[in-house]
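User: I would like to learn how to read a few features of a protein model. Can we take them one at a time?

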Amino acid sequence: MSSSSNATPYRFRIYYESPATQFLQIEARIPAPGEHLLLRLPVWRPGRYELANYAKYVRDFRAYDANGKPLNVKKYIKDGWYIDTSTVDEVLVQYDFYANRLDAGGCWLDEEQLYINFVNCILFSEEALDVPYEISLEVPPDYEIACALPLKNKTLYARNYYHLIDSPMIASATLKRNFYQVGQYTFYVWIQGNWTPDWHELLRNFEGFTKAQLDMMGEFPFEEYHFLIQIVPYRFYHGVEHTESTVVVLGPSEAMDTADMYDELLGICSHELFHVWNVCRIRPKELFPYDLTKECYFPTGFVVEGITSYYGDLFLIRSGVWKYNQYLRELNKYIKRHFENYGRYHRSLVEASVDLWLDGYSEVTPGRKVSIYAKGALVALILDFLIRKHSNGKASLDDVMRKMWHRFGKPFEKGYSLRDFKNIVAEVAGNPLEQFFADCVEGVVPLEKYIEPLMEEVGISFMTNYLNKGTELFNFQIQQREGKLLVSAIVPDSNASRHLRLNDELIAVNGKRTETIEQLQQLIGAQTVAHLIVSRQGYLKEVQLEADPVVSFKEYFLQLKNNLSQEQQKRLLAWLHQ
Ligand SMILES: [Zn+2]
């Protein structure tokens with residue numbers, strides 16, 4: 001991807017009349033060398049492997065010549081506009097864009113800030129992805145702009161379209177900014193929203209995980225990096241990686257000083273920073289370059305998200321920012337998400353990676369999905385331990401990632417295939433680990449088979465407990481949502497699965513009205529038969545269930561043992577670099 005700096009830039013101007021409407025006005029001057037010009041918006045964005053179809057946020061697309069005379073615009077495809085440019089060398093394009101999604105990959109406009117991911121709203125032509133872009137922002141004079149792009153007089157300059165969409169920005173009068181340095185690199189931390197951290201503590205912790213990453217990878221590909229952090233008043237957790245920056249959206253703001261939320265902030269920021277190497281540069285070949293006009297299927301989602309999730313947390317304990325209990329608590333979140341999901345019996349990681357484009361990021365069909373994040377992180381853990389074992393402790397997954405960097409990331413000329421990744425693992429481990437890939441990456445072999453004996457080597461036990469607080473005896477679970485008791489999980493092929501449906505509302509148990517989970521547990525616990533009245537789509541239905549002899553609901557977790565052998569201790573310290 002060379003840059004052709006001689007080409008006439010695509011010049012955009014972004015302004016707005018009323019933040020309350022959340023509509024941006026976007027105007028562009030675009031060279032038009034041919035008879036017509038097809039201008040498009042991406043149908044997805046790097047970092048989110050599902051269709052988003054950003055063209056649906058556009059209203060009133062128009063095109064004009066130099067004299068303000070309208071040009072003919074036709075729609076033949078959903079994400080593009082064909083402009084008749086037979087009479088002009090340059091077009092003026094105008095459109096409105098609805099900026100009302102405050103997630104880490106969206107656009108948002110209100111009285112406090114203008115926040116833009118350019119991948120949502122800035123047009124491209126497939127023939128001119130390499131031309132420079134200039135984006136001038138008409139924002140109030142007291143607004144500061146946080147963005148990794150070069151900035152002059154409120155105009156941002158990008159080498160080409162990919163550079164532009166890799167550089168989100170926040171403009172606001174209430175941005176807070178600080179920075180730290182590791183070696184010759186500078187890291188900026190920007191915070192928008194209702195939270196002021198203990199800066200001293202935050203910068204010390206950020207410096208900790210950044211240093212751990214640089215120690216492992218040996219170098220940082222850029223001089224500067226920007227953390228753009230949005231703190232929102234409601235519960236939210238989302239981050240998106242970019243080459244020279246990241247956007248993280250977290251909330252609720254009033255909980256940001258609690259240990260839990262602060263650890264979430266550290267965890268997500270460490271994860272996104274490691275993406276600079278792993279995916280922004282070390283990229284699956286199917287994403288090299290990004291084709292923004294259609295789905296880009298790739299089998300290596302577990303490398304992209306699993307390995308990044310695994311390392312994001314590992315860097316926090318390696319750097320001493322986290323203690324054992326904090327690290328294990330985060331690892332146990334992956335254990336819980338993976339093992340307490342029936343999808344693990346149905347879907348391999350490779351299938352899950354491809355089918356992200358179909359399923360998206362939420363569960364549509366019960367028991368269908370596994371997570372490339374949760375299962376991916378556990379599979380990365382297994383792989384790390386297997387490499388250590390096969391190399392007698394001389395090598396680890398660290399060596400794999402360094403080799404990936406030197407072969408596929410640093411040169412930045414081509415992406416890697418699943419075969420390339422396997423080859424590097426074989427080189428480092430001295431063993432192709434074929435069974436591991438067949439079982440854990442391409443198959444659905446239960447991960448206990450690997451996790452239990454491998455964790456034992458560092459004195460960590462893989463534990464399971466039966467859950468029998470009440471309804472679990474009847475093989476279903478209840479959640480309280482908006483004052484209702486709703487069926488939230490049912491064991492497949494159980495008695496309950498033949499009578500209950502997800503989202504049935506529980507009204508009464510054994511003749512008594514139930515309004516809270518505690519009441520329910522009292523009424524149902526220790527009974528062998530339960531008479532239930534449920535409301536299903538407004539109709540009342542009576543259900544009689546017998547307690548199942550086999551309870552299937554279990555909780556799964558890892559626990560550090562009290563007395564470790566010397567060997568276990570040695571391996572634990574080597575793994576966590578303590
Ligand atoms: Zn990620």
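Analyst: We will go through aromatic pairs, charges over rings, a metal site and a sheet, bearing in mind that this is a predicted model.

User: How is a pair of aromatic rings described?

Analyst: A pair of aromatic rings is described by how far apart the centres are and by the angle of the planes. This structure holds 46 aromatic pairs. One of them joins Phe206 and Phe209, with ring centres 5.0 Å apart and planes at 50°, so the pair is tilted.

User: Where do Phe206 and Phe209 lie along the chain, and are they buried or exposed?

Analyst: Phe206 and Phe209 are three residues apart in helix H3 (residues 199–217), so about one helical turn separates them. Both Phe206 and Phe209 are buried.

User: What kind of pair do Phe220 and Trp277 form?

Analyst: The planes of Phe220 and Trp277 stand at 80° and the ring centres are 5.5 Å apart, so this pair is edge-to-face. Phe220 is in the loop between H3 and strand E17 (224–231), while Trp277 is in the loop between helix H4 (259–274) and helix H5 (301–318), so the pair ties together parts that are 57 residues apart in sequence. Phe220 is buried with a relative accessible area of 5%, and Trp277 is buried with a relative accessible area of 0%.

User: Which residues lie over the face of a ring?

Analyst: Among them is Arg13, over the face of Tyr15 at 4.2 Å from the ring centre. Lys75 lies over the face of Trp81, at 4.8 Å from the ring centre.

User: What are the protein donors of the zinc ion?

Analyst: His271 and His275 each donate through NE2, and Glu305 appears twice through OE; these atoms lie 2.0 to 2.8 Å from the zinc ion. The angles subtended by the four donor atoms run from 51 to 151°, which makes the arrangement irregular. Along the chain the donors follow the spacing H-x3-H-x29-E. His275 sits in the loop between H4 and H5 and Glu305 in helix H5, so this pair ties together parts that are 30 residues apart in sequence. His275 and Glu305 are both buried.

User: How do strands of a sheet pair?

Analyst: Strands of a sheet pair through backbone hydrogen bonds, either parallel or antiparallel. Here an open sheet of four strands runs in the order E8-E9-E14-E11, with antiparallel pairing. Strand E8 (108–109) and strand E11 (144–147) are at the edges with a single partner strand each, so one side of each has no neighbour in the sheet. E8 pairs with strand E9 (residues 113–116) over two bridges, and Leu109 stands opposite Leu114 in E9.

How values were computed. Residues are numbered from 1 along each chain as its sequence is written. This is a predicted model: local features need pLDDT of at least 70, side-chain atom pairs count only at pLDDT 80 or more; totals for chains, interfaces and linings use all residues. Side-chain values use heavy atoms; hydrogens and water are left out. Rings of Phe, Tyr and Trp (its six-membered ring) pair if their centres lie within 6.5 Å; planes under 30 degrees apart count as stacked, over 60 as edge-to-face and the rest as tilted. Buried means under 20% relative accessible area, exposed over 50%, partly exposed in between (1.4 Å probe, protein chains only). A charge sits over a ring if NZ of Lys or CZ of Arg is within 6 Å of the ring centre and within 35 degrees of the ring normal. Donors are N, O and S atoms within 2.8 Å of the metal (3.2 Å for Na, K and Ca); water is not among the atoms, so sites may look incomplete. Four donors count as tetrahedral if all angles lie between 85 and 135 degrees; four count as square planar and six as octahedral if opposite donors are over 155 degrees apart and all others between 65 and 115; anything else is irregular. Two strands pair if DSSP finds at least two bridges between them.
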